Amino acid sequence: MAGKKTNNIVTKQLLTGNEVALKGALLAGANFFAGYPITPTTEILSGWAKVAAKDPKLKFLQMEDETASGFAVIGALLAGKKAWTATAGMGHVLMQDPLALAESYRLPFVMYVGQRGGPSTGTVIYSQQELTLARYGGNGEGLRIVYAPANVGELYHYMQKAFDTAWKYRFPVIVLGDGYLSKTQTTVDLSEKVDVVKSSPYFLNGKIKNMRNCFSTEDQLVDHLGFMFKEFAEASEEIVESESFRTADSEIVIFAWGSVGYAAKVAVVNLRNKKVKVGLFRPITMRPFDTKAAIKAVKKAKYIVIAESSAGHFGRIVRETLAQATDATYIRLYKPAEGITTEDIEEKILEVANV
Amino acid sequence: MSNPRFPKVVKTESKPSNFCPGCGYGIILKVLGEVIDEMEIAPRTVFGIDIGCNLLAWDYFNLDTAQTHHGRVTPMISGYKMSQKDSVVIGIAGDGGLYAIGLQSFIHTAHRNEPVTVIGVNNSVYAMTGGQAAPTTFDHEITDTTPDGKFTSKKPIFGPEMLTEFADDKAFLARGSVNNIPVLKSYFKKAIETQLAGNFSFVEVISYCPTNWKTNAEATIDFSKKLESIYKTGIISGK
Amino acid sequence: MENRVYKVLLAGEGGQGVQTIGHVLARAAFEQGLNVAYMPNYGVEQRGGVSLGYLQIGTGIIGFPKFSKADYIVNMRSRAIERIIQYVDSDTLYIYDSDLINNSELKTTNAQKLPIAATSTASSRLSPQIFNMILTGAILYELKVIERIYVEKALDIILAKKYKEKPQLRNFNKKALEIGAKLAKEAFSPVKKTSVLDRLGDKK
């Protein structure tokens, strides 16, 4: 995670995930935010209102709902603003409407999501149940990028990087956090500054653009999609990221992501101290998915333990990815809408190791 | 096990209240309960609620109750009423559920003159999420997303007044306040009578929110009176 | 020196000041240079309802904002008892406001218990709202890893606005922390200490 250091930020601060997401976006040059209050990400909306009240260069719109928020962001993007929004739960569901348009128009739509329990209003607290929605929501082919930070340090990095990726490759980018990450206050080093490309307007820039997202014939849409698939595949090679931790000699490999991914990493360190041969594969981009690295990570695996705070959103991706690549037994540590602690993971691995 | 001071239709197990101390919902729901009791409609009444503080009323009444998604109370109770014409449907939503995310449905329900009763709770903020601005936030009001009173609109949304552009002549549109219970009760009664006669009815209620207004008891009443000076109480349409 | 993470679960009712204790201790630990994670946990009600805080502090790495078992529990409300029993194990020290929670209500909670008469002490000696600071003083006496001076610094930061309006609050809080520590110390007085040590001896 290399980057330039800034000199005028107090580098270590005690902040919540929401505050860090806001700071990361501002550092990346975000200058437009439209949104609607929804727990657990409301603090991003009100935090932006407070900075925008003092800085006329920052634009702010509290919209009538999430759908409208997404379209306001789209308008701002067309005008060349580094626009973004933040939401969760049912708000994330509503955002799929404008996201589908952003996909079709190849817009650099950046959004932070704080996953909470579902379906419906569920809880305002936490889950990892919005993974499929982030990757494949809307009625398209899921041509969006999804980053999954594991802790506040990664959140600060990937919130900045989201704007760079979005404006470089012109696909919507979702930073997929969760309610625990959003609300937990912890020490974070703010010294890292990620290089982020400039934004530029689509309209009123000397070259007329006539944009439509509706096509008359199958052929026209197929051509449109074909071009997008090609660009997405090329971009994926450069964008894809994951972490393989102590997997080289592991008979037990944990697959986990986001906050649970970090709990798993700490669990692996503790277990290795107890001489258990366990490793972790942790995707950082949930889309595109690092298939190559995942397959490599399970080369010696006899057991694959999938740990997630859902009933299989991640498990389905893992099984599809590894379908031809492993004979290992799958163990599910599924806790939909509930946290998975390092102790939970250690307990499960010891159980598996003693089988 | 009945408490003579509470309406029969209120579940005694609902206490202690889920609402904040000083919340206006305590008054609104009790008054509504009294009207339901007196009109003897409980056996055929269905209650719809939104997201926001009204969702805390999900197990308040001995009535079939459904909490929906934000802003979707009016279409839900419309669908129910059309399917069960003998029922009495009452929906409650706040300033967000009716005037923001639910505005489109709210207007169209009135426009179609659906024979439903809607109660709108106006405390000028989005309370449950911590006091952000609402369409009922007045100019320069300080809220969680209008720091120092910035970003407010000059005019708030006046619900019952706005509906006069869309509602039938026979619809009942009124605004009451938790500061005047007898009048509020008469509005709820008239609203349900209007539904029984086959027309749309809406009562907006000026309510308290000391938690997000950050006011003590006295200042809460003062602030509600300030809202009453902006939002005039009375019958707007359908005497 | 071993790297440890201390796990403290705060519990009470929305409006009691559970989150204040958590924020103050988190800020204190941060100022002291310890690793810290503080996560509030509550439902949709703005008031009432069970309000929890998960605090982790120490020199070790904190892997997840929640934990499975607590080293210390601080409970200020009976209605939270059932919700937090899953965090109790034989090593947990269960601190509670004995004015708000009856000893009998904790009969089935198998932990070492430390009753602190915070509410009555606050009401009689300082001011009723300050009972959460008395409990904080008790926690600090037991937890030991956070130094009192950093807690006072944290209070100065977090309550800056309130201190400006009511300067006497600063002294009140300082006294409350001292009183809380004293109450915790006296709970393990020489007369009682024997029986507590006996129990500890049994467990360890």
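Two residues are in contact if their C-beta atoms, placed from the backbone, lie within 7 Å. With that in mind, we can look at a helix in chain A of this structure, which is a predicted model, and then move on to a sheet, to the places where chains touch, and to a single residue.

**Helix α4 of chain A**

Helix α4, residues 89-105 of chain A, is built from 17 residues, and the distance from its first C-alpha to its last is 25 Å, close to the 24 Å expected at 1.5 Å a residue. There is nevertheless a kink of about 40° at Asp97(A), a position shortly before the proline Pro98(A). That proline, Pro98(A), is among the buried residues of α4(A), which also include Gly89(A), Gly91(A), His92(A), Leu94(A) and Met95(A). Further along, Leu99(A), Ala102(A), Glu103(A) and Ser104(A) are buried as well. What covers these buried residues includes two helices of chain A, α3 (66-78) and α5 (131-136), together with the strands β5 (83-87) and β6 (110-115) of chain A. Just after α4(A) comes Arg106(A), whose phi is positive, at about 55°.

**An open sheet and the helices on it**

Chain A also holds an open sheet of 5 strands with mixed pairing, in which the order is β11-β13-β12-β15-β16. Its edge strands are β11 (242-245) and β16 (329-334) of chain A, each of which pairs on one side only. On average, and with direction ignored, neighbouring strands of this sheet are turned by 15° against each other. Within the sheet, β12 (residues 252-255) and β15 (residues 303-308) of chain A pair in the parallel sense over 4 bridges, and Val253(A) has Ile304(A) in β15(A) as its bridge partner.

Two helices of chain A can be described by the strands they meet and by their angle to β15(A), as the table sets out.

| Helix of chain A | Strands of chain A | Angle to β15(A) |
|---|---|---|
| α11 (residues 313-322) | lies across β12, β15 and β16 | about 150° |
| α12 (residues 342-353) | touches β12, β13 (278-283), β15 and β16 | about 160° |

**Where the chains touch**

Chain C meets chain A through 18 residues of chain C, which are in contact with 19 residues of chain A. On the chain C side, α1 (18-32) and β2 (35-41) each supply at least two residues, and β2(C) gives the most, with 7 residues. By class, this side of chain C divides into 12 nonpolar, 4 polar and 2 charged residues. Strand pairing also links the two chains: strand β9 (residues 185-189) of chain A and β2(C) pair in the antiparallel sense over 2 bridges, and Gln185(A) stands opposite Tyr38(C) in β2(C).

Chain C is also in contact with chain B, where 5 residues of chain C meet 6 residues of chain B. The side of chain C that touches chain B has 1 nonpolar, 2 polar and 2 charged residues.

**A residue in helix α2**

Val51(A) lies in helix α2, residues 42-54 of chain A. Why does Val51(A) count as partly exposed? Val51(A) has 15 other C-beta atoms within 10 Å, whereas a buried residue would need 20 or more and an exposed one would have 12 or fewer, so Val51(A) falls in between. Leaving aside its neighbours within four places in sequence, Val51(A) is in contact with Leu26(A) and Leu58(A). Val51(A) and Leu26(A) are 25 residues apart along the chain, and their C-alpha atoms are separated by 9.7 Å.

Note on methods:
Residues numbered from 1 in each chain as written. Chains lettered and ligands numbered in written order. Predicted model: local features only at pLDDT ≥ 70, side-chain atom pairs only at ≥ 80, totals over all residues. Expected span 1.5 Å × (residues − 1). Bend = angle between axes of the 7 residues up to and from the residue. Nonpolar A, V, L, I, M, F, W, Y, C, P; charged D, E, K, R; others polar. Pairing = 2+ DSSP bridges. Axes fitted to C-alpha atoms, helices over the stretch in contact; angles between N-to-C directions.
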